[in-house]
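Subject: The structure I promised, with notes

Hello,

Here is the structure I would like to hand over to you. Please have it open while you read, as my notes below go through it piece by piece.

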Amino acid sequence: MKKEEFLDKLRKGLSGLPKNDIEERLNFYGEMIDDRIEEGLSEEQAVAKIGSVDAVVSQIIADTPLKKIVKEKIQIKRKFSVLEAVLLILGSPIWLSLIITAFAVVLPLYILLWILPWILFVSFASCGLSGIAAGIIFAIGGNIFTAVAITGLGILSAGLCIFMFFGCKAAVKGMLLLTKKTAIKIKNRFTLKE
């Protein structure tokens, strides 16, 4: 692929970003290709070293803040007519309550996904500690069989707590990955061509 073809595809892929950012990225990659050509590579080899246009576009969109993309995409292209403004105001009890409801449902679910593994971890830890403590108390009281059973359950809970810690770490990594992928999908929605 030639330099101009690469830059044209890059421009089309970045069409949802602010114009200044597009020009800045095009200049950057144009200079990068020129530098590699000066180092002795052919134009096709210099472009191939950069990678595919889709990969470059995905990385640029992932690195661009969502606020910047939304600001560029959502611009008032015309003024509202009086009728549209009145309808928007009169419809606000409906659309505003739907937005608030969506946040009231989605946000607690998202928070629950973050804290549920840690709640289980703390539960196993507290069961382990209290089981061992209760076993000691029953042993002092003379109930040996009960003390052994409860101490065994306490040790089992403590062991499960250790395994649960590694599960919690994996769950946090998964939630971070899910959050990142969701943010990238939202960004991609705003950069789609109309």
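What follows is a short tour of what was found in it.

One thing to keep in mind from the start: this is a predicted model.

**The nonpolar core**

A good place to begin is the largest nonpolar core, which has 18 residues. Which of them touch the most other members? They are Phe6, Leu10, Leu14, Tyr29, Val56 and Ile60. Four helices each supply at least two residues of this core: α1 (3-13), α2, α3 (43-50) and α4 (53-63). The largest share comes from α4, with five residues.

Helix α2, one of those contributors, spans residues 19-38. Gly30 sits in this helix. Is Gly30 buried or exposed? Its relative accessibility is 7%, so Gly30 counts as buried, because the limit for buried is under 20%. If you would like a distance to try out in your viewer, take Gly30 and Gly51: they are 21 residues apart in sequence, and their C-alpha atoms are 14 Å apart in space.

**Salt bridges**

Side chains of opposite charge can pair when their charged atoms come close. The count for this model comes to four salt bridges, and I will walk you through some of them.

Lys2 pairs with Glu44, and their closest N and O atoms are 3.0 Å apart. This salt bridge links distant parts of the chain, since Lys2 belongs to the segment before α1 and Glu44 to helix α3, 42 residues apart. Lys2 is partly exposed, with a relative accessible area of 42%. Glu44 also counts as partly exposed, at 34% relative accessibility.

Glu5 and Lys9 form another salt bridge, with 3.7 Å between the closest N and O atoms. Here both partners lie in helix α1, four residues apart, which is about one turn of the helix. Glu5 counts as partly exposed at 38% relative accessibility, and Lys9 is partly exposed with a relative accessible area of 40%.

Arg11 forms a salt bridge with Glu23, where the closest N and O atoms are 2.8 Å apart. Arg11 is in helix α1 and Glu23 is in helix α2, so this pair ties together parts that are twelve residues apart in sequence. Arg11 has a relative accessible area of 40% and is partly exposed, while Glu23, at 36% relative accessibility, counts as partly exposed too.

**Patches on the surface**

Next, please look at the outside of the model. Which residues form a negative surface patch? The members are Glu31, Asp35, Glu38 and Glu39. Glu38 lies in helix α2, the helix that also holds Gly30. Glu38 counts as exposed because its relative accessibility is 67%, and exposed means over 50%.

There is also a nonpolar patch on the surface, formed by Val105, Val106, Leu107, Leu109, Tyr110, Ile111, Leu112, Ile115, Leu116, Ile119 and Leu120. Together these residues have about 930 Å² of accessible area. Leu112, one of the patch members, lies in helix α7, which covers residues 92-141. With a relative accessible area of 39%, Leu112 is partly exposed.

**Two longer distances to try**

Ser97 is another residue of helix α7, and it is partly exposed, with a relative accessible area of 36%. How many ångströms separate the C-alpha atoms of Ser97 and Glu38? The separation is 60 Å, for two residues that are 59 residues apart along the chain. Glu38 is the residue you met above in the negative surface patch.

The other distance starts at Leu87, which is found in helix α6 (residues 82-90). Leu87 counts as exposed, at 53% relative accessibility. Leu87 and Val172 are 85 residues apart in sequence, and from C-alpha to C-alpha they are 44 Å apart in space.

**Where to start**

For a quick way in, you could select Phe6, Leu10, Leu14, Tyr29, Val56 and Ile60 in the core, then the pair Arg11 and Glu23 with its 2.8 Å contact between the closest N and O atoms, and then the nonpolar patch that includes Leu112.

Enjoy exploring, and best wishes!

Note on methods. Residues are numbered from 1 along each chain as its sequence is written. This is a predicted model: local features need pLDDT of at least 70, side-chain atom pairs count only at pLDDT 80 or more; totals for chains, interfaces and linings use all residues. Side-chain values use heavy atoms; hydrogens and water are left out. Patches are made of residues with over 30% relative accessible area and no salt bridge: like charges are joined within 9 Å, nonpolar side chains (Val, Leu, Ile, Met, Phe, Trp, Tyr) within 5 Å. Accessible areas come from the Shrake-Rupley method with a 1.4 Å probe; for residues, only the protein chains shown count as cover. A salt bridge is a side-chain nitrogen of Lys or Arg within 4 Å of a carboxyl oxygen of Asp or Glu. Lys and Arg count as positive and Asp and Glu as negative; His and the chain ends are not counted. The place of a charge is taken as NZ of Lys, CZ of Arg, CG of Asp or CD of Glu. Buried means under 20% relative accessible area, exposed over 50%, partly exposed in between (1.4 Å probe, protein chains only). A nonpolar core is a set of buried Ala, Val, Leu, Ile, Met, Phe, Trp, Tyr and Cys residues joined through side-chain atoms within 4.5 Å.
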